[in-house]
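These are my notebook entries from a session spent with one model. I set down what I looked up, entry by entry.

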Amino acid sequence: MDEHEKPDPLRELGERLDKARRAQQRPERAAPSEDTGSALAFGMRVGLELVVAIVVAVLIGWALDHWLGTRPWGTIGFFFLGVAAGMVNVYRTVRGLGMAVGYRRDRTSGPETKRDEDED
C-alpha cells in the first residue's frame with residue numbers, strides 16, 4: 001500500500017466530528033446588525049426626551065408651587081406643559097427637524113418646488 005492510499009484516522013475523525021456538530025447545531029439567531037443597534041438607540045433617545053421634558057416641567061411646577069403657595073396647581077399645569085413639550089421634541093426628532101437654529105432646508109428640490117411654482 002502506498003502512503004497516499006492509507007486512510008488518515010485524524011481526517012476521518014475530523015469529518016465525523018464536523019458531521020455530528022452540523023446535525024446537532026441549532027439554527028443560529030441572526031446577530032444584531034448595526035441597523036438594529038441604531039434603531040434601539042433612536043428609540044431610547046425618543047423615550048428619554050419625552051421623560052426628561054416631563055420631569056423637568058414637573059420640577060419647575062413643584063418649585064413654583066412652593067414659592068407661590070399654589071399647591072398643586074403649578075405642578076399639574078407644568079405636567080401638561082411638559083407632556084406637550086416632550087411630544088413636540090419627539091415629533092421634531094422623528095421628523096428630523098432637530099437641526100441648528102436658523103437652518104432651513106433647500107426648497108429648490110422636491111415636491112414642494114412644483115407646488116411653489118404653481119402658486120406664482
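**Entry 1: E49 and its partner**

I began with E49, which is partly exposed, with a relative accessible area of 22%. The model is a predicted one, and I read each value below as computed from it. I looked for a charged partner and found that E49 forms a salt bridge with R45, the closest N and O atoms lying 3.1 Å apart. I then checked R45 and noted that it counts as partly exposed, at 45% relative accessibility. Both residues belong to helix α2, and because they are 4 residues apart there, about one helical turn separates them.

**Entry 2: T93, facing that pair**

I next asked which residues T93 contacts beyond its neighbours within four places in sequence. I found F42, R45, V46 and E49, so both ends of the salt bridge between E49 and R45 are in the list. T93 itself lies in helix α3, which covers residues 73-95. I recorded T93 as buried because its relative accessible area is 11%, and the cut-off for buried is under 20%. Its side chain reaches the backbone oxygen of N89 at 2.8 Å.

**Entry 3: The salt bridge count**

How many salt bridges does a search of the whole structure find? I obtained 2. Besides the pair already entered, R21 forms a salt bridge with D18, with 3.7 Å between the closest N and O atoms. I placed both R21 and D18 in helix α1 (residues 9-24), where they are 3 residues apart, about one turn of the helix. I noted R21 as exposed, with a relative accessible area of 55%. D18 is partly exposed, at 36%.

**Entry 4: D65, an acid without a salt bridge**

I then turned to D65, which sits in helix α2, residues 34-68. I asked whether D65 is buried or exposed. I found D65 buried, yet without a salt bridge. The nearest side chain of opposite charge is that of R71, and I noted its distance as 6.0 Å. A salt bridge requires the nitrogen and the carboxyl oxygen to be within 4 Å, so R71 does not qualify as a partner. I did find a polar contact for D65: its side chain meets the side chain of T70 at 2.8 Å. Setting aside residues up to four places away in sequence, I listed T70, R71, P72, W73, G74 and T75 as the residues that D65 touches.

**Entry 5: The peptide bond before P72**

Since P72 is among the residues touched by D65, I inspected it as well. P72 lies in the loop between α2 and α3. I found the peptide bond from R71 to P72 to be cis, with omega near 0°. I marked this for attention because most peptide bonds are trans.

**Entry 6: W62**

I located W62 in helix α2. I entered it as partly exposed, with a relative accessible area of 48%. The side chains of W62 and H66 are joined by a polar contact of 2.9 Å. I also looked up the separation from W62 to F79, which is 17 residues away along the chain, and found 9.6 Å between their C-alpha atoms.

**Entry 7: A nonpolar patch**

Which residues form a nonpolar patch on the surface? I found L48, V52, V56 and I60, with about 340 Å² of accessible area together. I checked one of these, V56, in detail: it lies in helix α2 and counts as partly exposed at 43% relative accessibility.

**Entry 8: The chain as a whole**

I closed with the overall figures. The chain contains 4 helices and 0 strands, and from the N terminus its elements run α-α-α-α. Of its 120 residues, I noted that 9% are buried; D65 and T93 belong to that group. The chain exposes about 10,900 Å², of which carbon and sulfur atoms supply 60%. Among contacts with a separation of 6 or more, 47% are between residues 24 or more positions apart.

Note on methods
Residues numbered from 1 in each chain as written. Predicted model: local features only at pLDDT ≥ 70, side-chain atom pairs only at ≥ 80, totals over all residues. Heavy atoms only, no water. Helix = DSSP H or I, 4+ residues; strand = E, 2+ residues; numbered from the N terminus. Buried < 20%, exposed > 50% of the residue type's maximum accessible area, 1.4 Å probe, protein only. Lys, Arg positive; Asp, Glu negative; His and termini not counted. Polar contact = N/O pair within 3.5 Å; in protein donor to acceptor, adjacent residues only side chain to side chain. Contact = heavy atoms within 4.5 Å. Patch = residues over 30% accessible without salt bridge, like charges linked within 9 Å, V, L, I, M, F, W, Y side chains within 5 Å. Areas by Shrake-Rupley, 256 points an atom, 1.4 Å probe, with all protein chains shown as cover.
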